[in-house]
Amino acid sequence: MSDYNRAAKIYWSVMVAGGAMTAAWGLYQCLSFTPLEWTEFLALLSLVIITSSYPIRIPSTAASVSAGDTFIFLSVLFLGVPAGIVLGVVDSFVSSHRTTKRVTSWLGSPAMMALTVFIAGSAFYYVLQFYAHITTAPLRTSPARLDYLIVPLLVMTLLQYFLNGLSVATMLALKSRRSIWKFWHDGYLWTSWTFFASGLAAALIFGALTRFGFLYVILSAPVLAASYATYKVYFERVNEKTREATEMSRLHLATVEALATAIDAKDQTTHCHVRRVQIYAAGMGKLFNLSDKEIEALKAGALLHDIGKLAVPDHILNKPGRLSAAEFEKMKIHTTVGAEILKRVDFPYPVVPIVRHHHEQWDGKGYPDGLRGEQIPITARILAVVDCFDSVREDRPYRRGMTKEEASALLLRGAGNHFDPKVVDLFLKNLTRFDEEIKTQGLDSHGLTDEECEPRALAASDFRDKEHEVILAYDQIKNAHREVYSLYEIARTFGSSLDIEDTLSILVNKVGHVVPFDTCAVYLYDELKGYAVAAHVAGKNADSLRERCIAPGEGVTGFSLANLRPINHIDPSLDFIGVDVPPANRYRSMASFPLVKDGRLLGALSVYSIDLQDYTDDHMRLLDTVTRLASDALANAVQHAEAESHALTDPLTELPNARSMYIRFEQEVSRARRTGKPFQVIMLDLDDFKQVNDTYGHKTGDQMLREVARLLQGQLREYDFLARYAGDEFVAIVQEINQEQVEELRGRIEHTVTHFALHVRAGHYARVGISVGAATFGTNGETLDQLLIAADEAMYSVKSTHKEQQRHPLKLEIVEEPSEIPTDKLASTAIN
């Protein structure tokens with residue numbers, strides 16, 4: 001009884017209990033029959049079993065009729081109501097056993113028959129007593145004239161017809177939540193003639209038996225059998241035509257659903273969403289007592305309401321965030337386009353109004369026609385609510401799905417302006433019941449993948465035989481549109497950043513949208529060093545690969561770098577030589593693509609998979625497209641980084657320049673104020689540098705500046721800052737150092753620079769001196785200009801003192817064979 005709701009279960013239980021007691025009473029009364037009555041009873045029972053074994057199925061329903069009603073009526077006349085109850089139970093059980101395999105029907109139908117025969121038979125004798133003043137039962141003990149039986153038989157036939165049909169219709173209506181009257185009217189109204197025919201036959205047989213005897217009745221049996229066979233053949237043909245019409249309708253709906261599936265794939269919508277909306281919409285239609293055609297229109301509308309999105313570009317359909325005014329105008333055409341498409345299809349129910357008006361709003365601010373309130377078709381109002389509710393609960397590429405509570409709150413906020421408040425109220429009141437039905441069909445999880453969702457949705461749609469083929473077709477359509485959208489997003493996103501690290505992160509993230517991988521690594525090639533470094537790695541074994549260096553020709557990635565072409569179908573372990581990879585993470589396949597822009601090698605992208613046997617041609621095609629886009633973006637990022645570096649770097653010494661110095665100073669000021677620890681600004685000025693330029697030329701002067709910059713960096717700590725300020729002046733920013741340490745640093749710098757000799761040519765060496773001055777932040781000033789002036793003053797104070805102490809002020813010397821420095825190392829070695 002899994003498909004029985006609470007009301008149906010209660011009704012079934014009550015009917016079975018009442019019918020069981022009635023049947024038990026009838027059987028108990030039959031035990032007192034005389035031998036003659038038992039003979040008649042068994043004869044009628046045999047006829048009931050024979051006729052009920054070959055029931056006539058009522059077209060378009062699960063019910064059936066048989067000639068057994070004639071013999072049930074006869075048993076009431078000859079043997080009384082108890083015998084009629086027992087024969088009715090037997091007739092109903094045998095018929096239901098032949099037409100269904102449900103135990104609930106085997107129990108429910110006989111029980112209902114017992115109750116209806118009891119009521120109809122009792123009414124027969126009550127009317128007979130009132131009409132013909134016959135007080136004894138059964139009639140075989142007190143025969144009555146045939147004309148006296150007409151009215152009582154008519155009453156019994158009417159009651160049996162109404163009660164039997166109404167009891168079954170009520171059961172089926174409660175199960176399907178449809179109107180009882182409507183269900184009885186559609187399925188059982190026209191069967192009245194079978195009951196009246198049975199009553200008439202019972203009256204004729206009863207009259208023949210009482211007037212002519214049993215022999216004449218036996219002779220008429222072939223005529224009755226021929227009549228029964230004629231009706232059976234007729235009904236079988238009607239059933240066949242009905243089955244053909246049902247099959248055509250199913251094929252029609254299958255075509256509609258196939259088209260809707262393709263549309264949903266374009267919109268990145270799962271087919272489970274469509275099936276849920278169908279259940280919601282059909283359920284709401286029944287609650288509003290809509291006609292069968294309107295309910296069918298709602299089911300088709302749930303499938304086809306977005307068919308017009310075929311005219312909307314994918315990048316608009318799946319755009320993250322709000323649409324621009326122009327994009328929204330383009331999106332709005334899907335309602336009118338969809339309506340125009342479906343006008344060409346001769347639907348037997350009103351689908352076009354649903355498709356055209358499902359975006360109209362209760363306050364008249366919707367589109368395309370600006371309808372308001374009751375002007376909007378009720379079917380369109382229903383679909384607007386249920387589609388919105390389920391759509392916002394679906395995960396999309398650009399947002400997460402809402403919870404059930406969040407979606408309900410959204411409907412409540414929109415009631416009265418966006419949505420019909422009555423529809424919203426009725427939907428939320430019955431939401432639990434709808435969700436139970438959805439759960440029974442396995443469609444309740446909004447997080448289902450396409451592979452999980454499609455079999456369930458299709459199985460619920462009676463497409464089990466073609467399930468696999470449909471899923472493949474659906475996936476191909478969906479993947480094609482997803483590919484277009486992903487590539488559009490990649491191209492759009494790559495242009496949003498000029499930072500190299502951001503570009504690499506975006507690249508790896510977007511690759512995961514188009515091809516599967518367990519590990520993805522992007523290598524950046526250094527032209528000066530001649531090898532590539534893993535600059536960004538995602539996935540398994542990322543820590544082992546990060547900062548890994550690969551030379552061209554080394555491993556699979558190195559082969560791709562060396563040959564500037566994609567590589568596939570090669571053992572990925574060649575890229576992991578010397579890397580400890582757990583056995584569970586052994587890679588089965590990989591693909592590597594060089595990143596090249598205008599002939600310049602930028603690096604390589606490599607993806608590795610544990611599960612894939614090989615990367616397919618489609619994978620390679622997509623990766624080729626992505627790496628081409630990535631190469632353009634990466635080249636722009638590299639050029640930007642180089643330009644930015646040049647803007648902050650002195651091209652001669654490759655030290656930070658004055659602009660960079662001001663930026664670093666502000667950072668140090670913030671740190672000093674935060675920690676309370678001062679820092680030193682040290683001015684360094686080369687002495688007699690002009691004489692080097694004048695004597696040996698500017699090329700030698702440039703070389704001297706580069707060597708001095710190298711020497712100065714060697715005397716500073718890694719976290720200290722050194723910049724070329726201007727000409728032959730350098731500035732250092734030194735953290736956490738006291739005055740004594742400043743003096744010690746000054747001495748080391750002066751000693752290193754003054755004892756350095758630059759080899760110019762054979763027998764000629766150039767030397768320079770250096771003056772050093774220091775200023776403390778907070779003591780000598782708080783701005784860089786103040787500190788530079790203070791440091792400059794301190795430097796010249798020291799320089800004046802040195803000049804008084806030195807006899808030979810010139811630092812430029814030409815020596816033949818300096819003894820303190822080996823000849824072959826003068827250009828690169830400082831004397832300490």
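In which helix is Glu707 found? Glu707 belongs to helix 27, which spans residues 698-715. Please keep in mind as you read that this is a predicted model. Below is a friendly tour of three spots: Glu707 and its partner, a nonpolar surface patch, and the buried side of helix 18.

**Glu707 in helix 27**
- Glu707 has a relative accessible area of 11%, and because the cut-off for buried is under 20%, Glu707 counts as buried.
- The side chain of Glu707 also has a polar partner: it makes a polar contact with the side chain of Arg710, at 2.7 Å.

**The nonpolar patch and helix 6**
- On the surface, Leu154, Leu158, Phe162 and Phe196 together make a nonpolar patch of about 320 Å².
- Helix 6, covering residues 146-176, supplies the largest share of this patch, with three residues.
- Leu154 is one of the patch residues and is found in helix 6.
- Leu154 has a relative accessibility of 43%, so this residue counts as partly exposed.

**Helix 18 and what follows**
- Helix 18 runs over residues 431-440, and its buried residues are Leu431, Phe434, Asp435 and Ile438.
- These buried residues lie on the same side of helix 18, because they cover an arc of only 100° around the axis.
- Just after helix 18 comes Gly442, which takes a positive phi of about 70°.

Terms used: Residues are numbered from 1 along each chain as its sequence is written. This is a predicted model: local features need pLDDT of at least 70, side-chain atom pairs count only at pLDDT 80 or more; totals for chains, interfaces and linings use all residues. Side-chain values use heavy atoms; hydrogens and water are left out. Patches are made of residues with over 30% relative accessible area and no salt bridge: like charges are joined within 9 Å, nonpolar side chains (Val, Leu, Ile, Met, Phe, Trp, Tyr) within 5 Å. Accessible areas come from the Shrake-Rupley method with a 1.4 Å probe; for residues, only the protein chains shown count as cover. A salt bridge is a side-chain nitrogen of Lys or Arg within 4 Å of a carboxyl oxygen of Asp or Glu. Helices (H or I, at least four residues) and strands (E, at least two) are DSSP runs, numbered from the N terminus. Buried means under 20% relative accessible area, exposed over 50%, partly exposed in between (1.4 Å probe, protein chains only). A polar contact is a pair of N or O atoms within 3.5 Å; within protein, one must be able to donate a hydrogen and the other to accept it, and residues adjacent in sequence count only if both atoms are side-chain atoms. The arc is that of the directions from the helix axis to the C-beta atoms.
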